[in-house]
Each structure stands twice: as C-alpha cells, then as structure tokens.
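Please look at the sequence and the structure before reading on. The report below walks through the model step by step.

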Amino acid sequence: MPSIIGIGLCREVSKTVGMPGWSQGSWGYHGDDGYTFAETGRGRAYAETYSSGDVVGCGIHLESGTVFFTKNGVHLGKDHFFVHDIPLELTLAGDAFRGVTGRLFPVVGIGESNTHLQVILRPENFMFTQHM
C-alpha cells in the first residue's frame, strides 16, 4: 500500500500545514498516487507511487530552476537510446517542475500517524543514475 508521504521544496512563505505542492510557494511529489503538485491542490500524473522501503530523492538544477525526483537511485526523467547510431532522447516522466526560483527549503509532508522515515540532506549522499 503506497504511503501518504510527499517530498519536495518550499519557500519560506509557504504554509506549514498540508502536503508539499498544495499551497503557494511549494512543489511536491506524492507517494500515494505518484502525482506532482505545483502550488495548487491539483496534481498531474508524474511517475509510479512509492512506499515503505523506497528511497526517494528531490534535486534541483539551480541555474535553470528545474526540479526532478529519483526513486531507488533512478532519475525519474529522461532516458536515451540509439536508432541507427543516432542518439535520441525519450522523455519518461520528465522534469517535474521548471522555473522554480528563490530561497528554497526541503519539505516532507506526512499524512499518516506512526510513520517513520529518514531524511538525508547532504548532497554527497544524493545518489542516482543520470542518463547521459
């Protein structure tokens, strides 16, 4: 059963109640439905769900303001393949958000009591497979 957990980013002015992405100044990827939410309660299908035992990450390219997520070390974004030795890019889930700027903070929303999770905020421990 998918967990009711959301991870993402928020600005200092974002509400502290509710899930990431549900309010102005926050963006999130939710485990129970695999949807992303960008400053509104309306989500869009992004990737598969996640739950107990999964390792989910959130990254941002600061120059472009592009936010992406990972699950179990795999970037939930773009993959590359070749047709007749010509590299082509296949967009899977794609980048979750674009143009996210300002002073940002990591955020986790938990919708169930008795939920335990580990949060790692060190960039050197953020590991994923980047498709080149």
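What follows covers confidence, the sheet, the hairpins and the charged pairs.

## Confidence

This is a predicted model. The protein chain has a mean pLDDT of 82. Of its residues, 79% reach 70 or more. Two stretches call for caution. Across residues 79–83, pLDDT stays under 50. The model still gives this stretch 16 contacts beyond four places in sequence. Over residues 87–92 the pLDDT is below 50 as well. Here the model has 18 contacts beyond near neighbours in sequence.

## The five-stranded sheet

Five strands make an open sheet in the order 4-3-2-1-10. The pairing is antiparallel. Which strands stand at the edges? They are strand 4 and strand 10 (104–110). Each has a single partner strand, so one side of each lacks a neighbour in the sheet. On average, neighbouring strands of this sheet are turned by 20 degrees against each other, direction ignored.

Strands of a sheet pair through backbone hydrogen bonds, either parallel or antiparallel. Take strand 1 (residues 5–11) and strand 10 as an example. They run antiparallel and are joined by seven bridges. Within strand 10, Phe105 stands opposite Cys10.

At the other edge, strand 4 spans residues 43–45 and includes Gly43. Is Gly43 buried, exposed or partly exposed? Its relative accessibility is 32%, so Gly43 counts as partly exposed. Leaving out residues up to four places away in sequence, Gly43 touches Tyr35, Thr36 and Phe37. Gly28 is 15 residues from Gly43 along the chain, and their C-alpha atoms are separated by 9.3 Å.

## Cysteines

How many disulfides does a search of the whole structure find? The search finds zero. A disulfide is a covalent bond between the sulfur atoms of two cysteines. Cys10 is buried, with a relative accessible area of 13%. Cys58 is partly exposed, at 25%.

## Strand 6 and its two hairpins

Strand 6 covers residues 66–71. Six of its six residues are buried, so strand 6 is largely enclosed by the rest of the structure. In a regular strand the side chains alternate between the two faces of the sheet. Both faces of strand 6 are covered. Thr66, Phe68 and Thr70 are buried on one side. Val67, Phe69 and Lys71 are buried on the other.

Strand 5 (residues 56–61) pairs with strand 6 in the antiparallel sense, over six bridges. Gly59 stands opposite Phe68 in this pair. The two strands form a hairpin with four residues between them. Gly65 sits in the turn and has a positive phi of about 75 degrees.

Strand 6 also pairs with strand 7 (residues 74–75). This pairing is antiparallel too, over two bridges. Lys71 stands opposite Val74 in strand 7. Again there is a hairpin, with two residues between strand 6 and strand 7. Asn72 in its turn has a positive phi of about 50 degrees.

## Salt bridges

A search of the whole structure finds five salt bridges. The table lists some of them.

| Pair | N to O distance |
|---|---|
| Lys71 and Glu48 | 3.8 Å |
| Asp54 and Lys71 | 4.0 Å |
| Asp95 and Arg98 | 3.9 Å |

Lys71 appears in a network: salt bridges link Glu48, Asp54 and Lys71. Start with Lys71 and Glu48, which form a salt bridge. This pair links distant parts of the chain, 23 residues apart. Lys71 is in strand 6, and Glu48 is in the loop between strand 4 and strand 5. Next come Asp54 and Lys71, whose side chains meet in a salt bridge. Asp54 lies in the loop between strand 4 and strand 5 and Lys71 in strand 6, so the pair ties together parts that are 17 residues apart in sequence.

How exposed are these residues? Lys71 is buried, with a relative accessible area of 15%, under the 20% cut-off. Glu48 counts as partly exposed, at 42% relative accessibility. Asp54 is partly exposed as well, at 26%.

The pair of Asp95 and Arg98 also forms a salt bridge. Asp95 is buried, with a relative accessible area of 17%. Arg98 is exposed, at 61%.

How values were computed
Residues are numbered from 1 along each chain as its sequence is written. This is a predicted model: local features need pLDDT of at least 70, side-chain atom pairs count only at pLDDT 80 or more; totals for chains, interfaces and linings use all residues. Side-chain values use heavy atoms; hydrogens and water are left out. Buried means under 20% relative accessible area, exposed over 50%, partly exposed in between (1.4 Å probe, protein chains only). Contact means heavy atoms within 4.5 Å. Two strands pair if DSSP finds at least two bridges between them. Axes are lines fitted to C-alpha atoms, for helices over the stretch in contact, and angles run from 0 to 180 degrees between N-to-C directions. A disulfide is a pair of cysteine sulfur atoms within 2.5 Å. pLDDT is the predictor's confidence in each residue, from 0 to 100.
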